[in-house]
Amino acid sequence: MEEKTEQEEAPRKDNGDVKGPPKQRLTVCLISAAFFGSVGSSFLYGYNLSVVNAPARYIKTFYNKTWIDRYNEPIGDGTVTLLWSITVSIFAIGGLVGALTVSFLIKVLGRKGTLLANNALALIAALLLALGETAGSFEMLIIGRFIIGMDSGVSLSVLPMYLGEISPRQIRGSIGQFHAIFICLGVFIGQVLGLPEIFGQESRWNFLFGFLALPALLQLCVLPFLPESPRFLLMERRDEARAEKAFQAFLGRSDVSRELEEVHAESRAQNTQRTASVLELFRKRSLRWQLITVIVVMSCYQLCGLNAIWYYTNGIFQEAGFQQSLIPYITLSTGGIETLAAIISGLVIEKVGRRPLLIFGFSAMAVFFSLLTVFLHYQDRFPWMPYLSFTSILLLIASFCSGPGGVPFVLTGELFEQSYRPAAFMIAGTVNWLSNFAVGLLFPFIQEALQTFAFLLFVVVCAVGAVYLLVVLPETKNKTFMEISQSFSKINGIPDQTHEREMTNVLDTDAANGLKCADGEMESSF
């Protein structure tokens, strides 16, 4: 697979008539789209992963008080546990529902339009969650968690798609990592606001949920003034004038004729202007291993065990021997490490590549889960062992965020051409949320049965993921979407030059018709 990648790069280097694209500079428009798109989307997802930990006991007390007010008797232990489990896990069910609506929404509203409309869900959820205690209704909390889950299900698919389509290929990975960075930042802010000195008190916990409205409102104030995806405008809306303006804004230059020409060529090479369905994607032979790769990577993203660490961090630290009063601050350090690792990954992804970051991340996680299992097993025998457990958890989190925490979303957008991308993100989102729900539902039972050896299951998942990626995945760094498709030609059993010949024929036709741009010697940034 690597030999093939080098062969594909050779023509671009050897052809003296074609100049590579200049080093792409970041524009204010591109950074703004990545920042404000992530604030109202990825940030909210990360925030909702951690925000329920701090007020858990206060919410359970509220459930008991509401039950007494209604039925004049205390709530049973089994009932309160059931209600709390539903409150936590229904977030993933809402995420699944949201992911299943993505293909329809982006077809009707576009990428940017879907992100804007999605803020309505965040605002409704914020009201329900913040006012549930005042209204004396725990049902409002459960419904609010379901709705904010829907919001996250939509945003986790649409935002990476939008960022991938507006970014020049030289910095597509770095811009795509905004998604991962803001997920980590959301987790961290949720931990900070949940401290007892801020909102982690019985009289203030509802403010934790009211905060959800702030990022949504911020995105609503800025994103309408930023362009829609130019690829979407040109290939699906057939609006060349708006697409040209969008390219100019994101690239920071007036001559974007080469970019327009390349997207036209890709559109004709695909021989379709409509968005493919999920069933059509499953039937497409030339995309078979891309689809398998996305399913494997997104499964490993959730089943690698990091969500088990997040959902049960407090319990793990208690079992590791740390004092209850110190746990909120210890947990805060995990969020800080996660954010720092994601930022470093975003800075190096265009130099190192997607493939090495994923393989290193999953391999390192397998090692640290193994060590964590050993340290937890012997923690009662040595007083210093809990500190090794804590160190292993920090290194686990850093390993996850170095690659597996963000690259899968970048990869999903890169492995598929325009017409198949929405269906691919719908499948990726479905796998993501089903796996998320499975971990949250099953891990407590697995932990009860296997005790300290429960994490060995995640060792297997991480090791299998690393081996699969080592064998199957080609590097996608600094390649066009068509070049990435060619990288999978051999493993899909498709003639290597099929897509290249289609693109060459189309570009030759364009040149013959006088569509060649004034800067035609320069290679497209996309």
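## Salt bridges, helices and surface in a predicted model

Both D69 and K65 are exposed, and in this predicted model the two residues form a salt bridge in which the closest N and O atoms are 3.4 Å apart. Because D69 and K65 are 4 residues apart in helix 4, which covers residues 56-71, they are separated by about one helical turn. An α-helix has 3.6 residues a turn, so residues three or four places apart point the same way. Side chains of opposite charge can pair when their charged atoms come close.

**The protein as a whole**

The protein has 526 residues, of which 57% count as buried, and its secondary structure consists of 26 helices and 0 strands. Its accessible surface comes to about 21200 Å², and 65% of that area belongs to carbon and sulfur atoms. Among the contacts with a separation of 6 or more, 83% are between residues that are 24 or more positions apart. One pair of residues that are far apart in sequence can be followed by eye: S85 and L441 are 356 residues apart in sequence, yet their C-alpha atoms are 8.6 Å apart in space. S85 itself is found in helix 5, which covers residues 77-100, and it counts as partly exposed because its relative accessibility is 37%, which lies between the limits of 20% and 50%.

**Salt bridges**

A search of the whole structure finds 11 salt bridges, and three of them are set side by side here.

| Pair | N to O distance |
|---|---|
| D69 and K65 | 3.4 Å |
| E236 and R111 | 3.4 Å |
| R253 and E259 | 2.8 Å |

What do E236 and R111 tie together? The side chains of E236 and R111 meet in a salt bridge, and since E236 lies in the loop between helix 11 and helix 12 while R111 lies in helix 6 (residues 102-135), the pair ties together parts that are 125 residues apart in sequence. E236 is buried, because its relative accessible area of 19% is under 20%, and R111 is also buried, with a relative accessible area of 0%. Both residues belong to a network of salt bridges that links R111, E165, E236 and R421.

In the pair formed by R253 and E259, the two partners fall into separate classes of exposure: R253 counts as partly exposed at 27% relative accessibility, whereas E259 is buried, with a relative accessible area of 1%.

**Two helices with buried residues**

Helix 6, which holds R111, also holds N118, and N118 counts as buried at 5% relative accessibility. Leaving aside its neighbours within four places in sequence, N118 is in contact with M150, D151, V154 and S155.

Does the span of helix 15 agree or disagree with the value expected from its number of residues? Helix 15 has 16 residues, 288-303, and at 1.5 Å a residue it should span 22 Å; the C-alpha atoms at its ends are 22 Å apart, which agrees. The buried residues of this helix are Q290, L291, T293, V294, V297, M298, S299, C300, Y301 and Q302. Just after helix 15, G305 takes a positive phi of about 105 degrees.

**Positive phi in two loops**

A positive phi is also found in residues other than glycine, among them R238, where phi is near 60 degrees, and N478, where phi is likewise near 60 degrees. R238 has its place in the loop between helix 11 (230-235) and helix 12 (240-251), and at 47% relative accessibility it counts as partly exposed. N478 is found in the loop between helix 23 (456-472) and helix 24 (481-487), and at 30% relative accessibility it too counts as partly exposed.

**A nonpolar patch on the surface**

Which residues form a nonpolar patch on the surface? The patch is formed by V374, Y378, F382, W384, Y387 and L388, which together have about 570 Å² of accessible area. One of these residues, L388, is found in helix 20, which covers residues 385-401, and L388 is partly exposed, with a relative accessible area of 30%.

Conventions. Residues are numbered from 1 along each chain as its sequence is written. This is a predicted model: local features need pLDDT of at least 70, side-chain atom pairs count only at pLDDT 80 or more; totals for chains, interfaces and linings use all residues. Side-chain values use heavy atoms; hydrogens and water are left out. Patches are made of residues with over 30% relative accessible area and no salt bridge: like charges are joined within 9 Å, nonpolar side chains (Val, Leu, Ile, Met, Phe, Trp, Tyr) within 5 Å. Accessible areas come from the Shrake-Rupley method with a 1.4 Å probe; for residues, only the protein chains shown count as cover. A salt bridge is a side-chain nitrogen of Lys or Arg within 4 Å of a carboxyl oxygen of Asp or Glu. Buried means under 20% relative accessible area, exposed over 50%, partly exposed in between (1.4 Å probe, protein chains only). Contact means heavy atoms within 4.5 Å. The expected span of a helix is 1.5 Å times one less than its number of residues.
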